[in-house]
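Work through the exercises below with the model in view. Try each task before reading its solution.

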Amino acid sequence: MISIESVDHRFRGRAGEVQALAGIDLTVETGEFLTLVGRSGCGKSTLLRIVAGLLTPTSGRVVIDGEPVRRPRRDVSFMFQKSALLPWRSVLANVLLPAETLRLDQAAARRRAGELLELTGLTGFQKALPKELSGGMQQRVALCRALLSEPRVLLMDEPFSALDALTREELSIELQRIRQEQDTTFVFVTHSIEEAVLLADRVVVMRARPGGIRRIVEVDVPRPRSLGHHAHAGRVTELSAELHELLLPNEAA
Amino acid sequence: MISIESVDHRFRGRAGEVQALAGIDLTVETGEFLTLVGRSGCGKSTLLRIVAGLLTPTSGRVVIDGEPVRRPRRDVSFMFQKSALLPWRSVLANVLLPAETLRLDQAAARRRAGELLELTGLTGFQKALPKELSGGMQQRVALCRALLSEPRVLLMDEPFSALDALTREELSIELQRIRQEQDTTFVFVTHSIEEAVLLADRVVVMRARPGGIRRIVEVDVPRPRSLGHHAHAGRVTELSAELHELLLPNEAA
Amino acid sequence: ESSPDLAKVTYLTSFNTFGRDAYAYVAAEKGFFEEAGFDVEIKPGTGSGDVMKLIAGGQADYGVADFSAVAVALANQDLPLTSVGMIHQQSLAALVTLEGTGISEPADLAGKTIADQAGSTVTVLFPAYAKAAGFDGSGVKFVPSAPPSLPQLLASGKVDAVGQFVVGKGLIEAAAKDREAVFLPYSDVLPDLYGNTLLTTTETAESNPEQVQKFSAALLKGLQYSIENPDETGEILAAAQPTQDAAVAAGEVKLMAPYVTGEDGAAIGAIDEARVQGVIDELTKGGAITKDVTPADLVSFDLTPPAEP
Amino acid sequence: MRRVFLPLLGVALTIAGWWLAVIVLEIEDYLVPTPPQVLNTLAERWAVLLEHTWTTAWETIRGFALAIVLGVPFAVLLAGSRIFEQMVYPLLITVNSLPKVAIAPILVVWMGFGAGPKIVMVLLLCFFPIVLATTAGLKSTPAEIVELARSLDAGRLKTFWAFRLPQALPQVFVGLKTAISLAVIGAVIAEFVGADAGLGFIIVQSGASSDTALAFAAMVLLSLLSIVLFYAVQLAERLLVPWASEH
Amino acid sequence: MRRVFLPLLGVALTIAGWWLAVIVLEIEDYLVPTPPQVLNTLAERWAVLLEHTWTTAWETIRGFALAIVLGVPFAVLLAGSRIFEQMVYPLLITVNSLPKVAIAPILVVWMGFGAGPKIVMVLLLCFFPIVLATTAGLKSTPAEIVELARSLDAGRLKTFWAFRLPQALPQVFVGLKTAISLAVIGAVIAEFVGADAGLGFIIVQSGASSDTALAFAAMVLLSLLSIVLFYAVQLAERLLVPWASEH
Ligand SMILES: Nc1ncnc2c1ncn2[C@@H]1O[C@H](COP(=O)(O)OP(=O)(O)OP(=O)(O)O)[C@@H](O)[C@H]1O
Ligand SMILES: Nc1ncnc2c1ncn2[C@@H]1O[C@H](COP(=O)(O)OP(=O)(O)OP(=O)(O)O)[C@@H](O)[C@H]1O
Ligand SMILES: Cc1ncc(C[n+]2csc(CCO)c2C)c(N)n1
Ligand SMILES: [Mg+2]
Ligand SMILES: [Mg+2]
């Protein structure tokens, strides 16, 4: 369980002080799939980085499984908004990076890396360098890397932003499978309402300046879910419309 | 008018040779809004870079307004898939960059930069450095930069990928306004079918390995268009479904 | 301050601005140069090799260098230089050791290790020195070393002896603290060996002999005055060069005096053709000179002061 | 505060370490004098020594400035043309690899006893590090910035000033710092030959009279001069490259 | 092909330039000999000269290796601790700013006439450029890579080996190239002071016998040695940093 307890964060930059987050209180249950949506610049990445232990909040704290987060945890995997691939490593070596730092079983890690690369359509590019890949391919490599260690918590910052609809859908299905099999907790940032509704148990809608939680929307659509036409299409449309509404600028809620 | 004449492109990389593009033939009319869709890695960015004169195709050529493209043209503006901001320049200075290189009228450029920053919600961040911005804010800065010079041709590689739905919509409207007022030609890469249909006169659907054109879909929906419910919602849904179909992996078309 | 009718010339000392080179400052301070019609700029030299190059290259008009080094250089190379007056009738070159090392006379050097500047007179003429002193020099090991490190190498016991000029007594004893330096001057067994000589270009010597003679006379007058008044010389030097110590400089001048006049009482500055031939012969035997040279190639005898006082 | 205090502490520790070494290793003072001996010399002769320090400093500064003025454009040429680079590198290395002590007399013969040969010597020592680092910096422009410059149709000059140079500045400063630390040596070596002023002249003078305290006093001033110049370059870096925060 | 041909052309042009300079500037051959004189000397004495070149080369290589072995970990400490950096920099600059010619004798008095002082001298010359460039390289790790390392819970050592060092390698190599070009000088200067072998010894010796052709022959070999070592480092760079293509 992740509990975010009255977290504030201020950045001091060239353009003055920015209150990125103010008074965030949120609990994510173990095995829950939480999505964060909100307008660009509202503090989603900042919140995720605080949960990951990469950033110390100006005030407040994050507790994971009873332990306050002070630095990154081994059972938490973070997928950055920018791919952050090591330019000197091949695709495969980038994916295998967590196996080295976390001292995973090498053979198992290699097997899993092969599977993940296959799954993301990167077979044949194992030896390629990151700069030889398209933007979306780079993002898929970062995704493989985040999934390699089979973490307990997956923090993902717009993981599908550079991917086409079809690939998104395939990978969404994979994430759902992982969650089912391993009871992984997900905190997932996205700009796609469709994606948020498809994947989430709850959608957290954030407001900007200062970043805060505007509303938490429960997605009461039974799983497995998929895009397109299905039994609960009506409810999905309803929820999507509600979320759209919530993302409007003026304080309508 | 842009005409792409039997363009082939091969990359030689660590993982061997990749045929990124094969036999691309395409004409874009002056003032047309063309969107490119296709699965990740199918060669969209490569094609755009060839049109921009940043990459010389292995064979074939691109002709803009009767002149073969050999190097970047001043009247063509390119917005990269990655923001490519200069880390040492403030937001405003990044936006004003084309004014320096293209020797635009300084006062007019400053005025336009202010408008664009306002439009993209970046007022107040003029002095900030790129690293002090969120991912989406960086992308908006890159967008402002691309729009500054009021080019005749705008080549945009997934310009809205890091932006929320609302911001996308606002900026889409701005692009349409620009096109109307200045008769600008757009070639616009996107992963959002919704966006493609909303913006395009024609949608080019690409296939992968080797990258080629699978189908060109005419969007016969009258303008102004907007998302959500309107008179032509049926046609939009139809077109979207067709495009979804076309993006499926097996050669159904 | 300088009067316009004075001839401007540049003069190079042999090495830096120590007591051994103080006479030039004396000649300037005492007005000898001015009397002779010169406005002299004195520059510190950096050893015989550099002094020769600078004069030949036109950066200086006159300068002082070790005569053996000059002989070697002029024999092996096309340097347009000539000697016009001898500063030291006997070479200051010596081997130095410390009391307590068991070396008190030349023969004790057999089989020892000596540090010296590479290719210096001491090294080059060592075989001749050993032969003249009557011991077997073949077992002596020479370690080429930088001049500034020589006193320290000796004091630290890394070597048994070092090459040094006799005026360097204070230098050695400063390094060796309370132990006394034992000097074995080459002049004891090789009395014909000259020390420093005054150089100018052959062109100046040919085209302007009067000027050369006037300059030489003024400088030598300063030399004479300095060995007669070593303490005043020290003060003159210290005044011109604030980093120098008057007492140390005076000590050097006193040590140097007998080498300036020489044993046979020749006039200050005089050069003897037969002795020059002797130097050439020794250097040729030692292998330092490989070509044919005559004394006239090295010295403008018509410009040197007469041998008899 | 800390920025000034810690370096001063560093200097103090250096002096303490030296003193300790002299005592513990039982180094004779004809080899390495003790700090009090050196301080004594500094106190007694400070006026003269300061004058000589200034002579050396002024030669150094001029040579260093010349090295920047010549080195940076040279690096631009090297970074711009692979052919030029491959042809010119051996020459550069040759010039750099010549022992400067050996060519100092040649310079003096050519240029005389003035500041000329000293400035040239400083230039010779500083040129290579500046050129090497600047070339490397200019060449390491990220692909996307190069493409951006091209797509904006920035001319050669504009590409250099607005894109490549700012990006290369952190690396250029590594070259400048390496260079400035060598610059003083250049002046001193040139002063070893054909000078009657400057710290190099003092060192030669003291070396030949076994006045180790004076030699070390000169070297202390030399070090202080180097440290001051180094921090001046670092200050310039702070002012010019504020955006490159360190991680 | 071009990679070998152009540098050779560069060497040829250097020689031609030198020859031309000797003729046009009417440089006397006691100052700078002509290429044929030098080639003659090289041809006549190549066996002896080669032996001395090898002596210098071996000293250089050992000192350079030592400088890498000591300098890189030192740079890691500097990059890791701001306090350590601020305290130690003045010391580093001090050591670097001492004219090596002046401290060479002290080294010889301490360490004797063997290879020791030469290796130490090479180390002294190489250390600073390596440390400076490596520190700068290690500190320039992009923020996202630092965050990645932290998020993967990479320990200090792992962060260094897998994240910071590879990223810093291009800059480290700038330091290594600056250093190697100075390394040979270090060996030569030490040989000036107390040696009976090596190219430095040859230069001193030829100076005493006014054999400028021999001195220049030694300097030619010195340059060739430097060029060979430089290109060896560059080759190592090509092999170790193939991913850093140049723009
Ligand atoms: N510099 C390069 N070197 C080698 N291969 C490259 C290079 N750039 C692109 N490729 C290859 O060319 C193909 C097309 O790449 P491109 O970037 O055009 O794809 P894209 O359609 O833009 O994909 P995305 O939607 O993921 O951005 C890919 O397979 C990629 O691996
Ligand atoms: N390093 C920084 N220094 C200063 N301000 C920062 C920094 N990082 C983020 N900010 C500011 O904090 C706010 C929130 O940024 P954050 O990256 O969390 O937004 P976001 O919700 O992830 O946006 P996006 O959807 O565009 O990625 C922004 O206003 C941004 O300018
Ligand atoms: C720094 C330095 N100090 C002194 C001398 C002069 N010197 C002192 S001992 C010696 C060798 C005598 O065999 C010479 C030439 C020098 N040249 N360089
Ligand atoms: Mg973000
Ligand atoms: Mg792309």
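**Exercise 1: a salt bridge in chain C**

Glu35(C) is exposed, with a relative accessibility of 58% (exposed is over 50%, buried under 20%, partly exposed in between, with a 1.4 Å probe and protein chains only). The model is predicted: local features need pLDDT of at least 70, side-chain atom pairs count only at pLDDT 80 or more, and totals for chains, interfaces and linings use all residues. Residues are numbered from 1 along each chain as its sequence is written, chains are lettered from A and ligands numbered from 1 in the order in which they are written, and side-chain values use heavy atoms, without hydrogens and water.

Task: Which side chain meets Glu35(C) in a salt bridge?

Solution:
1. A salt bridge needs a side-chain nitrogen of Lys or Arg within 4 Å of a carboxyl oxygen of Asp or Glu.
2. Lys221(C) is the partner, at 3.3 Å, N to O.
3. The pair links distant parts of the chain, 186 residues apart.
4. Lys221(C) is partly exposed at 40%.

**Exercise 2: a salt bridge between chains**

Task: Are Asp164(B) and Arg39(A) buried or exposed?

Solution:
1. Their side chains form a salt bridge of 3.1 Å, N to O.
2. This pair crosses between chains, from Asp164(B) to Arg39(A).
3. Asp164(B) is buried at 3% relative accessibility.
4. Arg39(A) is buried too, at 18%.

**Exercise 3: ligand 2**

Task: Between which chains does ligand 2 lie?

Solution:
1. Ligand 2 sits between chains A and B.
2. A polar side-chain atom of Ser40(A) is 2.7 Å from a ligand 2 oxygen.
3. For Ser134(B), a side-chain N or O atom is 2.6 Å from an oxygen of ligand 2.

Terms used. Near = heavy atom within 4 Å. Polar contact = N/O pair within 3.5 Å; in protein donor to acceptor, adjacent residues only side chain to side chain. Helix = DSSP H or I, 4+ residues; strand = E, 2+ residues; numbered from the N terminus.
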